[in-house]
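Here are some notes to read beside the model. They move from an enclosed space to cores, sheets, hairpins and single residues.

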Amino acid sequence: MRRFLLCWWLGLVTFLAGGQNLPPTAAPAATAPKRQLQALRITDNIKLDGVLDEAIWQQAPIATNFIENRPTPGRPENHKTEVRVLYDDANLYIGAVMHDVSPDSILRELSQRDDINNSDYFGVMLDTYHDKLNGYGFAVTSGGVQVDARYSPAVGDDYNWNAVWDSRTTLRGTNWIAEMRIPYSAIRFSGNPEQVWGLNFVRQRQATRQQFFWNPVRPEVDGFVNQWGELLGIRDVKPPLRLSLTPYVSSYVNHNPLNAEGTRRTTTSFNGGADVKWGINESFTLDATLVPDFGQVQSDNQVLNLSPFEVQFNENRQFFTEGTELFNKGNLFYSRRVGATPIGFYEVTVGENEKIVRNPAETRLLNATKVSGRTSKGLGVGLFNAVSNNVYATLRDAQTGQEREVLTQPLSNYSIAVLDQSLKNNSFVSLINTNVTRWGSTYDANVTGGLFRFANKKNSYALNGQANYSRRRGQVFGSDQRIDDRDGYKYGLSYGKISGNFTWNVSHGIESDTYNPNDLGILFGNNSISQGLDLGYNIYKPFWKVNRLNTFGGVEHSLLYRPRRYQRVSVYAGANTTFTKNFLSTGFNLNFQPTTHDYFEPRVFPLGDYYVRVPTSLNVGGYISTDYRKKLALDVNGGVRTYARDERLPRPRRMGYGLGISPRYRVNNQLNFRYSLDWNLRRHQVGYVNGGLSARDTLDQPFIGQILLGRRDVVTVSNVLSVAYTFTNRMSLTVRTRHYTSNVRYQDFATLAPGGAEQPVDYRRNRDNTYNAFNVDAVYSWWFAPGSQISIVWKNAGTSFLQANEATPLYFDNLSNTINTPHNNSVSVKVLYYLDYLMLKKRR
């Protein structure tokens with residue numbers, strides 16, 4: 001089977017590369033001379049109206065003759081784009097005229113900020129330190145919706161970053177016009193008398209799904225910022241004093257019918273705080289949030305977790321998503337640790353007559369601060385610090401009514417320090433340190449990591465490496481037991497060809513059994529030795545009936561680090577493409593895994609003696625995505641994993657099925673609907689019995705001290721319906737409703753012995769369970785001024801966990817029970833107002 005898959009994949013690549021009449025591909029090195037544009041200084045004011053009727057616009061040099069990036073790289077644009085750049089002592093001005101065939105060919109769907117949807121757009125990108133690694137992006141759609149981003153090797157395109165700038169767009173005949181004003185306070189640059197910045201412009205013509213760049217960006221060349229042109233002529237501009245204050249006030253009304261008796265079911269709160277930005281000097285900025293309020297962020301997608309690892313949730317808090325590219329170096333920072341569930345949340349000990357009346361599930365932050373920037377020599381420096389307050393659970397004696405508090409989270413300090421030196425040839429060297437210090441009798445944690453990337457001059461080959469050391473000292477919270485994973489390490493090396501049609505990469509890494517970055521990072525399993533080979537062959541220009549073709553394949557192998565034992569082998573391959581005429585995208589993937597030894601599923605430490613044996617399996621999956629330009633578009637994905645029969649026990653063959661359907665319908669340029677249905681079935685899965693064993697249950701008592709596995713069917717269904725109505729390019733209403741249900745039905749049970757042996761047992765306790773989660777997030781948002789916003793949010797949330805005879809496999813019964821279960825409801829209003837020192841000074 002392995003030989004067949006490898007030969008099949010190589011044969012597919014050979015056929016597609018050699019059997020078709022393909023256009024020639026140039027050498028991968030980006031050696032073409034970079035385009036240059038002169039900016040013109042102005043002294044008169046520019047009225048930002050999207051008209052470009054000031055005479056000075058006609059005197060500025062023009063950037064035009066854009067080059068197509070997709071679907072056909074290298075072709076000149078048919079409908080001209082003309083861009084001019086002006087500047088004064090405070091702002092950079094961009095004026096762009098996008099010529100077209102007719103007004104109907106300029107698509108203009110409205111959307112929220114940073115969401116392009118079905119629309120044309122124009123953007124400018126600036127590499128203000130000209131290090132060819134890091135940059136800023138500012139774009140505006142033909143409907144006037146703003147999009148901004150940061151570009152860096154750490155996170156790629158970071159659209160969570162938001163700056164305060166202004167723009168206007170207009171439709172004039174067969175053209176559309178974009179006019180931007182980017183204040184210098186929105187970017188960072190050196191104080192040199194004469195500036196040379198990396199520069200590029202981008203245009204998307206959605207009617208034909210074409211994307212163009214002023215300075216060509218070749219898809220076969222690794223990197224993005226390194227393929228920009230240059231902006232010249234900016235002289236005698238001083239970095240301004242960057243000082244802004246964004247105070248907020250918010251009010252909440254919360255109704256929770258599940259609050260304990262004797263406590264208020266409906267509560268109100270009034271909050272206030274502020275975000276501060278201060279440009280310490282020309283390179284570095286301090287960002288601080290004082291008494292932050294994150295109550296309006298989108299609800300987490302709660303799930304039933306049957307795995308031995310925690311669920312990783314998305315970060316939706318803006319302070320932790322924007323401007324964090326330095327702190328994400330090396331993947332040592334999982335920002336959800338800051339303000340997370342208290343470490344003693346699940347360990348509250350209740351007395352004989354006591355009950356818990358309050359146990360906060362989140363840690364309240366007192367403040368959080370970031371200092372980050374990059375010098376003119378390419379040295380990036382980042383400092384992060386956050387402080388969380390003590391958290392207490394409240395217990396009440398049922399007889400006396402007396403209450404007492406139990407500490408669940410001590411006062412804690414979280415900090416990160418980063419040094420990142422940019423080097424020639426799209427290379428860098430970085431050093432990161434993360435630290436968590438907790439007050440009181442518990443433990444502290446520290447992780448230090450170093451990483452590098454060295455690419456050759458042609459940017460065709462690169463060597464990457466990383467080494468981390470984790471250190472924990474102290475004792476388990478609420479116990480006298482010392483932390484056992486006191487010192488650990490991790491390293492990884494990879495080398496490969498990174499540009500051209502054919503790419504490859506070989507990698508090797510080790511994570512020791514005591515490596516643990518979990519206090520400020522996230523870990524899904526250490527104690528491993530891994531190595532792999534990745535292959536790719538991509539055709540970037542249209543041929544036959546497709547726009548481009550991406551193929552990939554490879555093999556991965558891992559061992560247990562201590563003791564040195566086999567874990568798994570995985571062979572994979574796949575391809576994806578988009579058809580030329582109808583822009584139908586499709587792809588498939590294959591994954592073959594010989595017998596696997598899962599050492600984490602038994603939940604026994606140290607690892608090595610016990611493992612769950614997973615038979616040989618083959619997965620086949622694929623997807624289809626239709627053209628988003630149509631009013632009705634559809635995404636479909638599915639997969640099947642089939643397993644070999646486990647001959648050790650008389651069990652049915654395991655199977656796994658998955659199906660996802662996601663239609664979207666655009667009523668007009670303001671209203672759209674999106675729906676997604678995800679269905680997953682795992683039949684005859686064998687795993688650790690979730691919930692464990694209880695010494696208080698008579699049916700569990702004979703099996704205490706043993707590892708109990710169950711054969712089960714798990715059916716999971718997730719439904720998400722989103723409705724968005726965009727009134728203007730600065731005002732929107734969105735409603736997102738999600739229902740999730742997961743049913744676990746056990747068939748039989750077995751105990752696990754060392755070496756993966758399983759022994760069927762007559763275990764009688766009903767361990768079936770059903771988990772339901774239901775959320776509604778309705779958000780009205782109005783950006784009434786640059787950087788200033790009013791938001792009104794309604795949240796509705798309810799969960800249920802049904803066990804034994806109460807569990808039901810019927811979906812509509814679960815939906816009905818979920819809707820009829822008492823829900824927590826919250827309505828909040830929040831007002832942000834952006835105050836910029838320079839604007840206030842100018843007005844005064």
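1. Start with the lining of the largest cavity. Strand β19 gives the largest share of that lining, with three residues. Both β7 and β19 (365-374) supply at least two residues each. Keep in mind throughout that this is a predicted model.

2. How many cavities of 30 Å³ or more are there? The count is three. The largest has a volume of about 180 Å³. It is lined by 16 residues, and N134, Y136, R150, E325 and R374 are the closest to its centre.

3. Next, the nonpolar cores. The largest one holds 37 residues. Within it, the residues with the most contacts are L92, I94, F122, V124, F138, W197 and F201. Seven strands are worth marking here: β4 (81-87), β5 (91-99), β6 (121-127), β7 (135-141), β11 (175-183), β12 (194-205) and β14 (229-235) each supply at least two residues of this core. There is also a second, separate core of 23 residues, with L133, F319, A368 and F384 among them.

4. F122 is a good residue to centre the view on. Leaving aside residues up to four places away in sequence, F122 touches V83, I94, A96, M98, F138, A139, V140, W176, A178, M180, F201 and V202.

5. Now the record. UniProt, in an unreviewed entry, places the feature "domain: Carbohydrate-binding" at residues 48-203. In the model, this span is 45% strand and 0% helix. Its end C-alpha atoms lie 20 Å apart.

6. One open sheet is easy to trace. Its five strands run in the order β2-β4-β5-β11-β10, with mixed pairing. Why do β2 (40-41) and β10 (166-172) each have one side without a neighbour in the sheet? They stand at the edges with a single partner strand each, so one side is left free of a neighbour. The β2 to β4 pairing is parallel and has two bridges. There, R41 stands opposite Y87 of β4.

7. Strand β15 (residues 243-255) deserves a look for its partners. It runs antiparallel to β16 (residues 266-279), joined by 13 bridges. H255 faces T266 of β16 as its opposite residue. Strand β15 also pairs with β44 (residues 824-832), in the antiparallel sense, over eight bridges. In that pairing, V249 has V831 as its bridge partner. A further antiparallel pairing, of two bridges, links β15 to β45 (residues 835-836). Here the partner of L245 is L835.

8. Strands β23, β24 and β25 can be followed in turn. Strands β23 (residues 412-423) and β24 (residues 427-438) run antiparallel and share 12 bridges. S422 stands opposite F428 in this pair. Strand β24 then joins β25 (residues 443-455) through nine bridges, again running antiparallel. T434 is bridged to V447 of β25.

9. Check the turns of these hairpins. Three residues lie between β23 and β24, and N425 in the turn has a positive phi of about 65 degrees. N426 is in the loop between β23 and β24. N426 is not a glycine, yet its phi is positive, at about 60 degrees. Is N426 buried or exposed? It is buried, with a relative accessible area of 12%, as the cut-off for buried is under 20%. The hairpin of β24 and β25 has four residues between its strands, and G440 there takes a positive phi near 95 degrees.

10. Another positive phi in a residue other than glycine belongs to A804, near 55 degrees. A804 sits in the loop between β43 (788-803) and α2 (811-820). It is partly exposed, with a relative accessible area of 25%.

11. Two cis peptide bonds should be inspected. The bond from R70 to P71 is cis, with omega near 5 degrees. P71 is in the loop between β3 (67-70) and β4. The bond joining F605 and P606 is also cis, with omega about 0 degrees. P606 is in the loop between β33 (596-598) and β34 (612-614).

12. Finish at G756, in the loop between β40 (731-752) and β41 (758-761). G756 counts as buried, at 0% relative accessibility. Its C-alpha atom is 6.0 Å from that of Y610, 146 residues apart along the chain. Not counting residues up to four places away in sequence, G756 touches Y611 and R648.

How values were computed:
Residues are numbered from 1 along each chain as its sequence is written. This is a predicted model: local features need pLDDT of at least 70, side-chain atom pairs count only at pLDDT 80 or more; totals for chains, interfaces and linings use all residues. Side-chain values use heavy atoms; hydrogens and water are left out. Two strands pair if DSSP finds at least two bridges between them. UniProt positions are given in the numbering used here, feature names are shortened, and annotations may be inferred rather than shown by experiment. A nonpolar core is a set of buried Ala, Val, Leu, Ile, Met, Phe, Trp, Tyr and Cys residues joined through side-chain atoms within 4.5 Å. Buried means under 20% relative accessible area, exposed over 50%, partly exposed in between (1.4 Å probe, protein chains only). Contact means heavy atoms within 4.5 Å. On a 1 Å grid over the protein atoms alone, a cavity is a set of points where a 1.4 Å probe fits but cannot get out, and a pocket is an open set with protein on both sides within 12 Å along at least five of seven lines; lining residues have an atom within 4 Å of a point. Grid points are joined across faces, edges and corners, and a volume is the space filled by probe spheres set on the points.
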